[in-house]
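Visitor: I would like a close look at a single part of this protein, the sheet and what packs against it. Please take me through it slowly, piece by piece.

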Amino acid sequence: PSSLPMKSSSTSLLLVCAVLAVVLVASSHALSDSHAVVNLTKANFRQKVLESDQAWMVGFFAPWCGHCQRLAPDWAKAAEAMKGVVQFGAVNCDDEKELAAEFGIKGFPTIKVFGVGKKNRNSAEDFNGARTAAALANHASSLIPNRVTRINKAATLDAFIASDKPKAVLFTAKSTTPLLFKSLAYEFRNVMAFGEVHENDGELVQRLGGTKFPQVRVFVGSSLDAGESHTY
């Protein structure tokens, strides 16, 4: 989607309204045994991983491996938690010996990490962190570049609003940028600007018309007094 230009401000707003609603209700999603783990093979690896703009965590497993069996529930939970943000894949190395050899897999499980953007086989980095759902999800979330502007000064606000792009502003009481908002900002970086204002930025909150936390306002126009604005 980031490579396609928006055809109108209405298109931008409809798209953003749909996805920002997810940001505001994301805490209602439960972890479960996952359908989010993608089965990767020699036949689909290039198309799904290397040609994707998304970040990937890829686990190389063997069905008989005890360590792999113990990791499987945490891998599934992390994949479910990151669904739609970072992709999780699994390679059965008993079935995909050629693919495993291409990546120099010598032990199981081996986890390879691919960042966002263009990739090749040399892009892969080993993940050597803790094998828990929380640690895997935390590392996955760190793969998303933060394109959200922290609006904490009047000059920053003026520059942000002056952009010709439609703008989405998150009013938040949290000290860190929500992962889904960060992901959206990267995904739609070429067609929309994303910013956040914190609860303690009282004057800026007032200027932007924030009334509660969390809240999202979308502005179309290069000033606060001109163009459209919508609140969610």
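Guide: Start at one edge: lysine 112 has aspartate 126 in β5 as its bridge partner. The model is a predicted one. The strands concerned are β4, residues 110-114, and β5, and they pair in the antiparallel sense over two bridges.

Now the sheet as a whole. It is open and built from five strands, in the order β1-β3-β2-β4-β5, with mixed pairing. The strands at the edges are β1 (37-39) and β5 (125-126), each of which pairs on one side only.

Go next to the other edge. Here β1 pairs with β3 in the parallel sense, over three bridges. Within this pairing, valine 37 has phenylalanine 88 of β3 as its bridge partner. On to the next pair: β2 and β3 are also joined in the parallel sense, by six bridges. Phenylalanine 60 stands opposite valine 91 of β3.

How much of β2 and β3 is covered? In β3, five of the six residues are buried, so the strand is described as mostly covered. In β2, six of six residues are buried. The side chains of β2 can be sorted by direction: Trp56, Val58 and Phe60 point one way, while Met57, Gly59 and Phe61 point the other way, and all of them are buried. For the protein of 232 residues, 44% count as buried.

Two helices deserve attention next. Helix α3, residues 66-81, lies across β1, β2 (56-61), β3 (87-92) and β4, and runs at about 160° to β2. Helix α5, residues 133-142, also packs on the sheet; it touches β2, β3 and β4, and its direction makes about 140° with that of β2.

These two helices also pack on each other. Two packed helices are described by the angle between their axes and the distance between those axes. For α3 and α5 the angle is about 40° and the axes are 8 Å apart. The two helices are therefore oblique to each other. Their crossing is right-handed. On the α3 side the residues that meet α5 are Leu71, Asp74, Trp75, Lys77 and Ala78; on the α5 side they are Ala133, Leu136 and Ala137.

What lies inside this arrangement? In soluble globular proteins, nonpolar side chains tend to be buried together. The largest nonpolar core here has 25 residues, and Met57, Trp75, Val86, Phe88, Ile111 and Leu136 have the most contacts inside it. At least two residues of this core come from each of β2, α3, β3, β4 and α5. The helix α3 gives the most, with five residues.

Leucine 136 is a useful residue to follow in this core. Leaving out residues up to four places away in sequence, leucine 136 touches Met57, Leu71, Asp74, Trp75, Ala78, Phe88, Ile111, Phe127 and Ala130. Apart from this core lies another, of 15 residues, among them Phe45, Val49, Leu50 and Val58.

Return now to strand β4, where phenylalanine 114 is placed. Is phenylalanine 114 buried or exposed? Phenylalanine 114 has a relative accessible area of 0%, and the cut-off for buried is under 20%, so this residue is buried. Once neighbours within four places in sequence are set aside, the contacts of phenylalanine 114 are Phe45, Val49, Leu50, Ala55, Trp56, Val58, Phe103, Lys119, Asn120, Ser123, Ala124 and Leu143. One of these, valine 58, is 56 residues away along the chain, yet the C-alpha atoms of phenylalanine 114 and valine 58 are separated by 8.0 Å. For the whole protein, counting contacts between residues at least 6 apart in sequence, 75% join residues at least 24 apart.

One detail remains beside β4. Phenylalanine 108 and proline 109 are joined by a cis peptide bond, with omega about -10°. Proline 109 is found in the loop between α4 (97-102) and β4.

Note on methods: Residues are numbered from 1 along each chain as its sequence is written. This is a predicted model: local features need pLDDT of at least 70, side-chain atom pairs count only at pLDDT 80 or more; totals for chains, interfaces and linings use all residues. Side-chain values use heavy atoms; hydrogens and water are left out. Two strands pair if DSSP finds at least two bridges between them. Helices (H or I, at least four residues) and strands (E, at least two) are DSSP runs, numbered from the N terminus. Contact means heavy atoms within 4.5 Å. Axes are lines fitted to C-alpha atoms, for helices over the stretch in contact, and angles run from 0 to 180 degrees between N-to-C directions. A nonpolar core is a set of buried Ala, Val, Leu, Ile, Met, Phe, Trp, Tyr and Cys residues joined through side-chain atoms within 4.5 Å. Buried means under 20% relative accessible area, exposed over 50%, partly exposed in between (1.4 Å probe, protein chains only). Angles under 35 degrees count as roughly parallel, over 145 as roughly antiparallel, 65 to 115 as roughly perpendicular and the rest as oblique. A crossing is left-handed if the near helix is turned anticlockwise from the far one by less than a right angle, and right-handed if clockwise.
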